Structures are given as C-alpha cells and as structure tokens.
Amino acid sequence: RAMATAVITVLAALLFVVVALAVVPALVRQTIQLIETAPQLFRDLQEFLTTRFPDLITEGSPVRETLASLGETVKERGGELANTALSSAMSFINILLLFVIVPVVAVYLLLDWDNMVARVDELLPREHAPTIRALARDVDATLAGFIRGMGSVCLILGTYYAVGLWLVGLNFGLVVGVIAGLLTFIPYVGAALFQFWGDWIWIAAVAGIFLLGQFIEGNFLTPKLVGNSVGLHPVWLILALSVFGSLFGFVGMLVAVPVAAAIG
C-alpha cells in the first residue's frame with residue numbers, strides 16, 4: 001500500500017506540473033486579453049444593436065450609456081479585482097491549503113484508509129453494524145459515481161469546447177471552452193456574433209460546436225459516465241436544487257444532487 005500511495009502521489013504531482021505548465025499560462029494570458037478587449041466587445045455590441053435595432057438605442061439613452069461605460073469599467077476594475085483577490089489573506093490561505101495541506105492529507109488518507117475504516121467499524125453497535133455498513137456502501141457508491149462521472153463529463157466537454165473553438169479561430173477560445181466545460185451549458189455563442197458578424201459559416205460553426213457538445217453530453221456522456229448512480233427521480237432532483245439553492249446559494253446548487261442522493 002505504501003508503494004501504491006507513492007506511485008499515485010508522484011503521478012498526481014507530475015500531472016499537476018504538466019497542466020500548470022501547458023494550460024495555466026494560456027488561460028492567464030487569454031483572461032488578461034479578454035479584460036483588455038472588453039471595451040471593444042461592448043462597442044461592437046452597441047454597434048450591432050444600433051444597426052439591427054435602431055429604435056432600441058438612441059443617443060443619450062440609458063442602454064447606450066451603460067454599454068459605453070461597462071466595457072471601460074471591466075477593464076479598469078478587472079485588474080484591480082484580480083490583484084485584490086490574489087493579495088488577500090483568504091486567497092493566500094486557500095493557496096496554502098491547495099499546495100501544502102491537501103497533498104499531505106491525501107497521502108495520509110491513502111496510506112491509512114484501511115486502518116481508519118477498521119477503527120470506525122469497531123465503534124459501531126454490533127446489532128446494527130451490517131445495516132450501517134450497507135447504507136455506508138450505498139452512499140459511497142452514489143457519491144463516488146456522481147463525482148467521478150460529472151468530473152469526467154466536465155473534463156471531456158471542456159477539452160472538446162476549447163479545442164473546437166480554437167480550431168474555428170474564436171478569440172479566447174480556451175477560456176470560453178474551460179468555462180463552458182465546467183458549467184456544461186451554452187454561455188458564449190453570442191461572442192461569435194460580434195467576432196464573425198457577416199461570416200455566417202463561422203457563426204454556425206461555433207453554434208454547432210456547442211450544440212454538438214450538449215447533444216453528446218445529454219445522450220452519451222452523462223448516461224454512460226454518471227448513469228443511474230444518483231438514483232433519484234427527476235422531481236426530487238428539481239426539489240433538491242430549489243431547496244439547496246434557496247438555503248445555501250451557489251454552493252447549495254453544487255452539493256444539492258450528491259447530498260440529496262446520499263440522503264435518499
């Protein structure tokens with residue numbers, strides 16, 4: 001077990017280094033470019049609305065003034081916000097946890113997991129131990145299936161979107177692809193309208209990339225990778241998302257499905 005833990009740790013460290021060297025610089029560079037380009041994007045949006053919907057935007061209207069100032073605000077505040085976030089104590093603590101504490105804890109969990117489980121099992125009341133073990137196995141299988149499945153779906157879709165958008169030449173395709181893969185919905189097809197306006201083939205290509213990704217995700221990836229591991233009726237899923245979202249906000253939306261499945 002010690003050798004297996006060492007191999008897993010080394011492979012994880014190598015994977016992290018490769019991703020950090022290959023992907024992170026491009027993400028940071030495109031994010032900075034996106035912040036710098038934001039004023040032009042909003043000017044293009046204003047021109048598009050003025051051309052196609054002249055009655056919607058008139059000289060001095062609130063919509064026109066908002067679009068004119070929003071891009072400059074993003075450019076001015078984007079860098080300031082990033083610097084503030086990076087220099088804050090909480091960000092430092094999070095980075096410290098990520099790079100130091102989490103790997104150490106992960107190594108000890110891998111190394112001593114059997115001993116920890118055996119110790120917890122000794123604390124169970126003997127007459128109820130089989131039932132508790134069975135429930136724990138069910139919860140473990142549900143959570144593991146959901147997390148592994150959705151993680152694989154996000155990784156596959158993020159890679160697909162990033163590569164596809166990069167091939168058609170969409171600006172900031174890597175950033176858009178990563179975000180779209182993490183959120184697994186269609187967020188930025190509108191960006192193609194302003195970059196490729198008039199080139200309907202490329203606009204259709206961008207839209208087709210997202211539509212194909214959603215089709216593959218809904219009909220193949222999620223059923224195959226996640227399957228029925230959650231084991232909840234769609235009505236219960238909707239209820240769980242509503243309740244957890246109302247009580248705990250965005251974090252509640254993230255944990256709603258696995259927690260509701262474990263409770264079920």
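This passage walks through the predicted model, from the overall fold to one residue and then to the main nonpolar core.

The chain contains nine helices and zero strands. Read from the N terminus, its elements therefore follow the pattern α-α-α-α-α-α-α-α-α, since helices and strands are the elements numbered here. Of the 264 residues in the chain, 22% are buried. The accessible surface amounts to about 17,600 Å², and carbon and sulfur atoms account for 72% of this area. Contacts also reach along the sequence: of those between residues at least 6 apart, 64% join residues at least 24 apart.

A helpful place to look more closely is T5, which sits in helix α1, spanning residues 2-22. T5 has a relative accessibility of 6% and counts as buried because this value is under 20%. A polar atom of the T5 side chain lies 2.9 Å from the backbone oxygen of R1. Beyond its neighbours within four places in sequence, T5 touches V107, L110 and L111.

Attention now turns to the core. The largest nonpolar core comprises 12 residues: V153, L157, Y161, L165, V168, L170, V176, A180, V206, I209, F210 and L221. At least two residues of this core come from each of α5 (129-168), α6 (173-183) and α8 (200-226). Helix α5 makes the biggest contribution, supplying five residues. In soluble globular proteins, nonpolar side chains tend to be buried together.

Key: Residues are numbered from 1 along each chain as its sequence is written. This is a predicted model: local features need pLDDT of at least 70, side-chain atom pairs count only at pLDDT 80 or more; totals for chains, interfaces and linings use all residues. Side-chain values use heavy atoms; hydrogens and water are left out. Helices (H or I, at least four residues) and strands (E, at least two) are DSSP runs, numbered from the N terminus. Buried means under 20% relative accessible area, exposed over 50%, partly exposed in between (1.4 Å probe, protein chains only). Contact means heavy atoms within 4.5 Å. Accessible areas come from the Shrake-Rupley method with a 1.4 Å probe; for residues, only the protein chains shown count as cover. A polar contact is a pair of N or O atoms within 3.5 Å; within protein, one must be able to donate a hydrogen and the other to accept it, and residues adjacent in sequence count only if both atoms are side-chain atoms. A nonpolar core is a set of buried Ala, Val, Leu, Ile, Met, Phe, Trp, Tyr and Cys residues joined through side-chain atoms within 4.5 Å.
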